[in-house]
Amino acid sequence: MLEQLLIFTRGGLILWTCKEIGNALKGSPIDTLIRSCLLEERSGAVSFNYDAPGAAYTLKWTFHNDLGLVFVAVYQRILHLLYVDDLLSMVKQSFSEVYDPKRMAYDDFDETFRQLRMEAEARAEELRKIKQLGKPVTGSVKKQGQVLKAGLEGGNKRVGEGGSKKDDGDGIKGKVSNLTNGHHSNENHKLGDDSQEGDLANGKENTSSNVAVDLSKLQKLRSKGVRGRGGVRKADSIGNKSSKVAAAEPAKKATKKNRVWDDAAPKQSKLDFTDSVDENGNNDHVEVVAADQGESMMDKEEVFSSDSESDDDDDDEPGSDEKPAEAKKKGWFSSVFQSITGKANLEKTDLGPALKALKERLMTKNVAEEIAEKLCESVEASLEGKKLSSFTRISSTVQAAMEDALVRILTPRRSIDILRDVHASKEQRKPYVVVFVGVNGVGKSTNLAKVAYWLQQHKVSVMMAACDTFRSGAVEQLRTHARRLQIPIFEKGYEKDPAVVAKEAIQEATRNGSDVVLVDTAGRMQDNEPLMRALSKLINLNQPDLVLFVGEALVGNDAVDQLSKFNQKLSDLSTSGNPRLIDGILLTKFDTIDDKVGAALSMVYISGSPVMFVGCGQSYTDLKKLNVKAIVKTLLK
Amino acid sequence: MDNWEDMKIVAEQWSKQGIEFVQQIPPPQLYAAIAVLLLATIWLFSICLFRRTKFNTVLLSGLSGSGKTMLFYQLRDGSSHQGAVTSMEPNEGTFVLHYENIKKGKVKPVHLVDVPGHSRLRSKLEEYLPRAAAIVFVVDALEFLPNIRSASEYLYDILTNASVVKNKTPVLLCCNKTDKITAHTKDFIRKQMEKEIEKLRCSRTAVSTADITNDFTLGVEGEVFSFSHCHNKVTVAEASGLTGEIDQVQEFIREHVKP
């Protein structure tokens, strides 16, 4: 059953809500939808899931871009309503006929809505009946699940009626309540399959293929005489085995024997050529002048040539006209005509070529393919049905919309004033802890030193913690930086547990009054399960103030994978209710890419966290802030 | 080249004819015509200048969820209709405030703009600031303390914006949702905001040579910040968008957009 259907303007005023369904929505699903989906340029997605204490909703939406209206339908996630998309489009059509910008109340729409809803429900039921007749064997997983449950509970009647999709169509309240009760009990039993069901609800096209696989598995389990619940347990135990195997591997790695070359006797001399230093980092032998290389680039104003938009237009022409020349000739003439009259409503077919060209351009700028695709879908969703203003071409409208979207994505969602946070922590007399995470070789230690230098310039006392206890030379590297910057470093050597080292470092910092602790961790691949577990243990144990993901600007499509897997592992393996995810991004090696700045966009889009620093060189002053306008300009050039 | 010389000859002929024509007109008429032309240009010029200094735009700004859209519709229609959700776009309108509809006589319409408070849409504010005659900064008096940092940062950014400082735009700190019992008083809110802005001032002016985000700094050196230090007038008021108690806001708007 539909929980709520809202119509509101893009400016925020609610024009109409369904008054028949009087249930108040728990939490604030609409606001969350707007903030985390529509404003994040994910409006091309199919649906949005919202969890509040006491309710789990799914939201679907559609836009009427011409009038600036948004139509949102909310329903319970456990019910897979089929008619929602249909209903939304019908409501859109009929409401746009009634809509008047001056009118604020639309009470007469209630009647229209009721009729539309009944129509949609009836149509959905017909469709389902046809499907049922055509495919009696394959139903949804839930249907089969219910067959199993029937075995457990003996509710033979329900089996006869069919799968869950029946609930929506039946207006008979008795059955609905029974089924909902049944659903709740189902929920308790089926732990493992819950997420699967959610996926099925969204990917309707994939339903049949998924179902086929699951059915065969279930049949096998059933034939072995394992009950439904036991089947789930079995799946869980299989999962455990694989992780156990993975955990066993690092234990195998004993101490490494030194390799012997040319049958020579193994030399016993130490291979450590670093200068001897005592604990505080003071060096007796070498006079080290505190590195003072001037102002960090973080604080310098970025001067970029503000070439006018005419540049963009000129580049636009030859780029877009090159490839589909013949097919566009007729289209070009009509588009010119339309641009002068300016009355055409933008359709998907009109936007198609312009968006395709834009997507290609983004991909040449090293934006991940998936991200470019999603962005184009989102821009398409926001432009479809809009009236072209006169004297504008379609491509320039699309370009303007894309520019808007990019600025919106790259603008941080919250303030990234680290100094302010440091001051706030200082008042509470605890150190501000920053953890640098990332894959191998992106520049964590180098950029950690740059951040330390910048903080020092702002009169903040910094301490480094060497929690990279795996890579040879990592501790010495940090020690060298600490010596040059004259800041204390906390280290415990190699082969120690990084989480414990970090904890002790923070305690030391509280003791000697450092304002900031910068924790360096070892680089790890996002697929490496035991290492990711170690990382999440470090973060859970120490609860840092800022988890900074260090990513290099050279990365291409892998950025999406890295960030999403890191976030996923951090949230899965978290022990507390509120998992700590990646709070910010540090983009490194920015000087090596000329104008292929797409990695910044991919990373920000996929994780939602802002870019806090940009590393653009290998000396201490090469740390900048992200200049949103410059990046957007470069991306769309 | 021949064409060019032909055209020169034709032009010369025309100018001769023009001069003859002008000389034929009796002097008073000529002077009158010139005078009228001069007056017309002076008049247009003064209108342009005059218009430029007299804005009638009032900005409604503040954090997301503070109640700007509700206030906008209260000011416009006298009722907040069926509620509002997070705005994705600004609400603009030029209209006579609702409570003034009953007044007779000529009342100048106000151009009211409700700018979305979501941080991703913060750049829209920059477009409207140069033309603002007055700014109403809406604060949620109910959920004040959890959001005080972001609210004070936003207010700080507005108060140190170049256009606001240059035009000495008056700012009204409006405490919304005062119809609820647990809402804070306006004095409390004012004091807390002053404290937070003082902290911001310290952390941002400590790096004043390095600071590029804010064009100007606030307040007097050495003294704790207070709203009276601002060159533009900052006042505090209470309001409730839901019930419609918006008198103080309306007075403020009317005061600064002269009818």
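I looked up Lys359(A) first and found that Lys359(A) counts as buried because its relative accessibility is 16%, where buried means under 20% relative accessible area, exposed over 50% and partly exposed in between (1.4 Å probe, protein chains only). I note that this is a predicted model, in which local features need pLDDT of at least 70 and side-chain atom pairs count only at pLDDT 80 or more, while totals for chains, interfaces and linings use all residues. Residues are numbered from 1 along each chain as its sequence is written, chains are lettered from A in the order in which they are written, and side-chain values use heavy atoms, with hydrogens and water left out.

I then checked the partner: Lys359(A) forms a salt bridge with Glu369(A), with 3.5 Å between the closest N and O atoms, a salt bridge being a side-chain nitrogen of Lys or Arg within 4 Å of a carboxyl oxygen of Asp or Glu. This pair links distant parts of the chain, with Glu369(A) in helix H14 (residues 369–383) and Lys359(A) in helix H13 (residues 348–364), 10 residues apart; helices here are DSSP runs (H or I, at least four residues), numbered from the N terminus. Glu369(A) counts as partly exposed because its relative accessibility is 38%.

I compared this with Glu508(A) and Arg511(A), which form a salt bridge at 3.1 Å between the closest N and O atoms and both lie in helix H19 (residues 498–512) of chain A, three residues apart, about one turn of the helix. Glu508(A) is partly exposed at 27% relative accessibility, whereas Arg511(A) is exposed at 63%.

I also looked up Asp583(A) and Arg580(A), whose side chains meet in a salt bridge (2.5 Å, N to O), and I recorded both residues as buried.

Over all chains I have a count of 29 salt bridges.

Turning to the interface, I noted that 33 residues from chain B and 40 residues from chain A take part in the contact, which means heavy atoms within 4.5 Å. The area buried between chain B and chain A is about 3,200 Å², with 52% given by carbon and sulfur atoms; buried area is the accessible area (1.4 Å probe) that two parts lose on being put together, summed over both. Gln82(B), Met88(B) and Arg120(B) supply 28% of the area that chain B buries against chain A, more than any other three residues.

Between chain B and chain A I have five salt bridges, and I looked up the pair Lys199(B) and Glu427(A), whose closest N and O atoms are 3.9 Å apart.

Technical notes. Helix = DSSP H or I, 4+ residues; strand = E, 2+ residues; numbered from the N terminus.
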